[in-house]
Amino acid sequence: MSLNQSLVLFAMEDKQLLIEMAKTIGFPKDKREKIWRLILQNNEDFKEFNTKEVSPDLANTFFGKSLSEEKYQNFALIYQIVESIIPTDYPQFEGSIGIAVVIASLFPNDFKMQQRAITHFLTKFNNYTADSDGIIQLLWLLIQYHDPQLSNHLKSLSINLKSLVLQHFYSLFIQFYDPIDTVLSLYDRLLYSSPIIPMFILCSIFITHRNELFKVTSSLVLETYFNEIRLNETDTSSLLVFAKYIQQNTPTSFSRLLSSCLSNNAIYQRWEASKFDGGVYFPVSPTDMLSDKLNNINIIYVDGREENDYTNGHINNSILLKDIDTTRESVHWVLYFSGAPNESESIITTVETLIKKNIKHISVLGGGYSLYHKFWTERSEGFNIEDHTKDCQVCRGVNWKNVFKLDFVKKEIKRRSLSNSLSELVKDKIAGLVSDKTIKEVNWEKKEETGRCLIEKVDILYESNIGYLEYNSIELSIIVNENTVEELFYDDIDRFSFTGKTIFIHTKNGEEIKFLVNDSPEKLIKDIQNKSI
């Protein structure tokens with residue numbers, strides 16, 4: 001018996017080990033059905049569907065041919081599962097039908113298991129709230145970040161990336177696999193992967209085929225070649241290894257922005273309102289940069305200001321723009337400028353110049369030197385400035401609030417409905433936390449001087465979902481299942497109140513956001529206030 005066979009037999013008795021296998025090596029084809037059943041065992045209610053609701057004409061239109069009565073009945077059931085998850089008028093719907101049909105093939109004649117597997121998978125990866133323009137913009141930037149030469153080549157051919165890749169993104173790559181059910185070797189790994197990993201897979205497909213793509217001299221030929229790419233089960237492992245390598249070597253801020261794009265929430269909408277920062281770079285957060293350094297990303301800050309500004313104070317170990325060494329490998333160049341709102345054209349021109357030189361790993365520090373300087377003056381851990389003088393650009397009187405502008409064009413955010421994820425027993429325990437029925441108001445005053453500015457996290461219960469509150473000196477966010485479902489700048493908050501363990505945030509536009517905490521709500525509100533500006 002091989003080591004892999006022994007591992008499978010052992011894992012059949014250990015669900016956690018099965019999950020680890022799903023993330024890494026996938027499952028043997030002859031054991032896939034049984035393992036999926038073990039992993040997806042739960043107590044979800046089974047919902048009966050009336051197959052007469054889907055007409056044979058609709059099924060025939062979808063497939064372009066008539067179906068036998070038995071096939072039609074099976075398709076009608078699958079169609080209604082997908083329809084219960086994704087609106088039929090969304091562009092993701094058709095691709096999701098394809099995904100569902102492939103998954104259903106694992107469990108012939110077992111509609112309950114089909115429903116369970118399809119619902120689990122599509123709920124995680126349907127992305128029907130995602131903005132398609134944002135997906136394409138982020139893919140361009142991801143390819144450009146890791147392979148600017150390839151990005152320049154694709155742009156020179158005037159490739160319509162949207163028409164080329166969205167069908168593959170929405171159908172989770174089933175069109176690349178032949179026979180089509182071999183895509184299940186990929187879906188094994190996606191079962192417990194992050195919802196953002198498909199973007200990195202798509203980028204990996206481009207980069208791993210770069211040699212062939214460089215031979216193409218027209219957009220039509222490239223589109224034909226790309227759509228004829230075929231993957232097999234052996235390719236899947238290599239593809240996932242490369243995709244995860246790209247993800248690990250991409251700044252955390254990109255993943256945060258991508259996650260926000262998929263849920264179409266405030267972080268992404270602010271970036272969209274800025275017209276994607278000119279479409280040539282993505283901004284990185286100063287606090288995210290600290291995390292990236294701890295994760296061994298080799299970051300070098302590059303000062304894009306005038307040399308005189310650099311002389312009077314700059315980020316520790318940063319270099320001037322003219323001193324970038326293009327021969328250095330595996331370096332992530334983080335450009336920073338003053339942070340003034342009128343320098344966007346200068347930033348775009350600078351980044352475009354570097355990209356044309358095929359320099360990899362270019363990003364721009366959000367808020368610029370002014371925001372970084374603010375963190376430094378508050379003695380926030382990890383923020384260091386050297387050669388600082390009294391003639392420092394910021395200290396001469398530049399108001400960082402005017403520099404790091406928050407008056408972006410706000411779009412109405414559609415509140416995401418979140419499904420219940422708690423058992424009745426857990427809900428009963430949480431209900432026991434609520435004891436004091438008296439509403440207590442907390443005076444809300446933002447501080448001029450603040451302490452530590454790194455992100456703080458507190459576990460909470462939000463709309464029956466376990467998540468966490470994340471806050472720093474600028475804003476607070478509520479995050480559930482890796483998605484930011486609420487985000488507020490402190491300028492938008494009117495007041496806080498609480499009763500028992502429930503905290504209420506009252507916004508200036510009349511909204512009320514509430515969540516439960518385990519510890520003292522008054523203490524948490526005071527801590528947020530002490531860190532706010």
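The expected span of a helix is 1.5 Å times one less than its number of residues. Keep that rule in mind for helix 20 in this predicted model: its 13 residues, 344-356, reach 18 Å from the first C-alpha to the last, close to the 18 Å expected. Below is a quick tour of helix 20, followed by the pairing partners of strand 15.

**Helix 20: two sides**
- Ile347, Ile348, Thr350, Val351, Leu354 and Ile355 are the buried residues of helix 20.
- These buried residues line one face of the helix, because they fall within an arc of 165° when you look down its axis.
- An α-helix has 3.6 residues a turn, so residues three or four places apart point the same way.
- Glu345 and Lys356, on the other side of helix 20, are exposed.

**Helix 20: surroundings**
- The cover over its buried residues includes two helices, helix 8 (132-146) and helix 9 (148-156), along with strand 5 (332-336) and strand 6 (362-365).
- If you follow the chain just past helix 20, you meet Asn358, which has a positive phi of about 65°.

**Strand 15 and its partners**
- Strand 15 (residues 512-517) pairs with strand 9 (residues 456-462) in the antiparallel sense, over two bridges.
- Strand 14 (residues 502-507) also runs antiparallel to strand 15, and five bridges join them.
- Leu516 in strand 15 is a handy landmark: Leu461 stands opposite Leu516, and so does Thr502.
- Strands 14 and 15 form a hairpin with four residues between them.
- In the turn of that hairpin, Gly510 takes a positive phi of about 95°.

Technical notes:
Residues are numbered from 1 along each chain as its sequence is written. This is a predicted model: local features need pLDDT of at least 70, side-chain atom pairs count only at pLDDT 80 or more; totals for chains, interfaces and linings use all residues. Side-chain values use heavy atoms; hydrogens and water are left out. Buried means under 20% relative accessible area, exposed over 50%, partly exposed in between (1.4 Å probe, protein chains only). The arc is that of the directions from the helix axis to the C-beta atoms. Contact means heavy atoms within 4.5 Å. Two strands pair if DSSP finds at least two bridges between them.
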